[in-house]
Amino acid sequence: GLTPRERDIFPLLAQGHTMPAISERLFVSENTVRTHSKRIYTKLDIHKRQELIELVESFEPDGR
């Protein structure tokens, strides 16, 4: 499973927010966001943001 901070970052990544925007919103450094993002991708066995977005869309009932 994802850690609490990874669960904070996951939806923001899926919504297309940039690393700087996420770091500002969550009051952490961009490096911290990058580290958590890499761990999220590893845990979900994905390699790029588009795969993350497609994964999220596959679980949403209306495809949004």
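A residue is called buried when its relative accessible area is under 20%, and exposed when that figure is over 50%. With that yardstick in hand, here is a walk through this predicted model, starting with one serine.

Ser37 sits in helix H3. Its relative accessibility is just 4%, so Ser37 counts as buried. What does Ser37 touch, once residues up to four places away in sequence are set aside? The list is Ile9, Leu13 and Met19. The side chain of Ser37 also has a polar atom that lies 2.7 Å from the backbone oxygen of Val33.

Zooming out, helix H3 covers residues 30–44. Its 15 residues, at 1.5 Å a residue, should span 21 Å, and the end C-alpha atoms are indeed 21 Å apart, which agrees. Ser37 has company inside: Val33, His36, Ile40 and Tyr41 of H3 are buried as well. These buried residues cover an arc of only 140° around the axis, which means they share the same side of H3. Over on the other side of H3, Asn31, Lys38 and Thr42 are exposed. As for what covers the buried residues of H3, the list includes helix H1 (4–14), helix H2 (19–26) and helix H4 (49–59).

Some of those H3 residues turn up again in the largest nonpolar core, which has twelve residues in all, among them Val33, Ile40 and Tyr41. Ile9, Leu13 and Leu26 belong to this core too. H1, H2, H3 and H4 are the elements that give two or more residues to the core. Which helix gives the most? That would be H1, with four residues. Leu26, for its part, is in contact with Arg5, Asp8, Ile9 and Leu12, leaving aside its neighbours within four places in sequence.

The loops have something to show as well. Phe27 is found in the loop between H2 and H3. Although Phe27 is not a glycine, its phi is positive, at about 60°. Is Phe27 buried or exposed? Its relative accessibility is 78%, and the cut-off for exposed is over 50%, so Phe27 counts as exposed.

Asp45 follows H3 and is placed in the loop between H3 and H4. Asp45 is another residue other than glycine with a positive phi, here near 55°. With a relative accessible area of 61%, Asp45 is exposed.

Note on methods
Residues numbered from 1 in each chain as written. Predicted model: local features only at pLDDT ≥ 70, side-chain atom pairs only at ≥ 80, totals over all residues. Heavy atoms only, no water. Expected span 1.5 Å × (residues − 1). Buried < 20%, exposed > 50% of the residue type's maximum accessible area, 1.4 Å probe, protein only. Arc of directions from axis to C-beta. Contact = heavy atoms within 4.5 Å. Core = buried A, V, L, I, M, F, W, Y, C linked by side-chain atoms within 4.5 Å. Polar contact = N/O pair within 3.5 Å; in protein donor to acceptor, adjacent residues only side chain to side chain.
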